[in-house]
Amino acid sequence: MDLELDGLTVTASGRRLIADIDAHVRSGQLVGLVGPNGSGKSSTLRCVFRTLTPNRGTVRLGGEDVAGMSLRDSARMIAALTQESQPEFDFTAAEVVTMGRAPHKSTFARHDDEDRRIRARALSEVGCEHLAERDFRTLSGGERQRVLIARALAQQPQVLVLDEPTNHLDIRHQLDVLALVHRLGLTTVTALHDLNMAASWCDRVHVLDRGRIVAAGPPREVLTPEIVREVFGVRAHVVDHPGTGAPQLLFEPSRPAA
Ligand SMILES: Nc1ncnc2c1ncn2[C@@H]1O[C@H](COP(=O)(O)OP(=O)(O)OP(=O)(O)O)[C@@H](O)[C@H]1O
């Protein structure tokens with residue numbers, strides 16, 4: 001299912017958070033949003049999963065404007081992993097994953113065997129079966145992140161919206177999560193801080209700076225030393241990964257002037 005963002009503009013508290021954001025994520029593509037802190041990545045994603053309403057512009061799913069859909073209908077298609085997705089109550093990890101089934105159930109429906117199978121598979125995909133009965137609040141940051149990814153999978157979405165899915169994860173789990181997202185083959189848009197992870201896994205990368213997209217395209221065309229310097233103010237070199245051939249950035253540490 002294609003996801004199209006067309007001219008998204010958001011103003012809040014008298015400030016323009018994002019302006020004229022265009023992005024076309026084709027069915028099955030993995031598209032990364034990168035950019036400095038405060039450049040508008042989360043605001044863009046929030047428009048997609050509808051916790052923020054754009055002042056201008058549209059989000060289309062399979063050609064249909066989401067503004068005309070009920071929240072339940074769009075939640076059947078879009079699963080989100082956000083910075084704010086942490087439940088506060090004493091749910092077990094399994095119960096948190098079960099919440100992913102909500103958009104597919106009517107208000108009074110009980111969870112059935114199929115829901116339990118979907119939950120077990122989602123927990124197993126992120127390697128968290130052993131955490132099923134643990135109180136979610138007692139999990140480490142990385143364990144929580146993986147359980148929340150399982151919740152998104154239990155939603156059986158066609159589109160995944162991920163805000164920093166590798167946050168809190170050790171390197172092995174960062175690679176596992178991005179490999180899983182890639183393997184799922186869903187239409188996915190994800191904010192990522194790690195430019196080398198974006199270069200390795202994304203089909204296309206959009207670079208945001210001060211609320212606008214300043215570059216978009218395949219990682220090799222977009223993650224160049226010029227753009228990294230202009231947007232992040234950091235000097236970088238590009239090398240080819242000896243194993244995968246993906247472009248990788250080597251950053252020059254900034255040293256205080258002598
Ligand atoms: N509701 C709001 N009211 C006013 N300003 C806001 C609001 N939400 C976000 N902002 C501001 O908009 C800008 C973009 O924020 P956003 O969270 O989208 O950036 P980001 O690229 O995801 O940042 P980070 O990498 O730090 O997570 C920031 O300067 C932020 O302070």
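This is a short guided tour of the structure, stop by stop.

**Before you start**

You are looking at a predicted model, in which local features need pLDDT of at least 70 and side-chain atom pairs count only at pLDDT 80 or more, while totals for chains, interfaces and linings use all residues. Residues are numbered from 1 along each chain as its sequence is written. Try colouring by pLDDT, the predictor's confidence in each residue, from 0 to 100. The protein averages a pLDDT of 92, and 96% of the residues score at least 70. For the model, ipTM is 0.97 and pTM is 0.91. Where pLDDT is low, the predicted coordinates should not be read in detail.

The labels on this tour, such as β1 or α5, come from DSSP runs: helices (H or I, at least four residues) and strands (E, at least two), numbered from the N terminus.

**Stop 1: the open sheet**

Select β1, β2, β4 and β5. Which order do the strands of this open sheet take? They run β2-β1-β4-β5, with antiparallel pairing. Here two strands pair if DSSP finds at least two bridges between them. The edges are β2 and β5 (64-65), each of which pairs on one side only. Strands of a sheet pair through backbone hydrogen bonds, either parallel or antiparallel.

Now zoom in on β1 (residues 3-12) and β4 (residues 56-61), joined by five bridges. Pick glutamate 4 and you can find its bridge partner in β4, arginine 60. Aspartate 6 is likewise partnered in β4, by threonine 58.

Turn to the other neighbour of β1. Seven bridges pair β1 with β2 in the antiparallel sense, and valine 10 has isoleucine 18 of β2 as its bridge partner. Follow the chain through the hairpin of β1 and β2: there are two residues between the strands, and serine 13 takes a positive phi near 45 degrees.

**Stop 2: around the ligand**

Keep serine 13 selected, since Ser13 is also one of the residues around the ligand. A residue is near a molecule if its C-beta atom, placed from the backbone, lies within 6 Å of it. Add the others: Ala12, Arg15, Leu17, Gly35, Asn37, Gly38, Ser39, Gly40, Lys41, Ser42 and Ser43. Two elements, β2 (15-25) and α1 (41-48), give two or more residues to this shell. Which element gives the largest share? That is α1, with three residues.

Colour the shell by class and you should find two nonpolar, eight polar and two charged residues. For this count, Ala, Val, Leu, Ile, Met, Phe, Trp, Tyr, Cys and Pro are nonpolar, Asp, Glu, Lys and Arg are charged, and the others, Gly among them, are polar.

**Stop 3: β9 and its partners**

Next, select β9 (204-209). Is β9 enclosed or open? Five of its six residues are buried, so β9 is largely enclosed by the rest of the structure. Buried means that 20 or more other C-beta atoms lie within 10 Å of the residue's own; exposed means 12 or fewer, and partly exposed is in between, with C-beta atoms placed from the backbone.

Strand β3 (residues 30-34) pairs with β9 in the parallel sense over four bridges, and valine 34 stands opposite valine 207 of β9. With β10, β9 is joined by five bridges and runs antiparallel. Look for histidine 206 and its bridge partner in β10, alanine 216.

In the loop between β9 and β10 (212-217) sits arginine 210. Although arginine 210 is not a glycine, its phi is positive, about 45 degrees. Arginine 210 is partly exposed, with 15 other C-beta atoms within 10 Å.

**Stop 4: helix α5**

Finally, select residues 141-154, the 14 residues of helix α5. From first C-alpha to last, α5 reaches 20 Å, close to the 20 Å expected at 1.5 Å a residue; the expected span is 1.5 Å times one less than the number of residues. How many of its residues are buried? The count is 12 of 14, including Glu143, Val147 and Leu153.

To see what covers the buried residues, show β6 (78-81), α3 (93-98), α4 (113-125), β7 (159-163) and α6 (171-184), which are among the covering elements. Contact here means C-beta atoms, placed from the backbone, within 7 Å. Just after α5, glutamine 156 takes a positive phi of about 45 degrees.

One last click: histidine 168, in the loop between β7 and α6. Its phi is positive too, about 75 degrees.

Conventions. Two residues are in contact if their C-beta atoms, placed from the backbone, lie within 7 Å.
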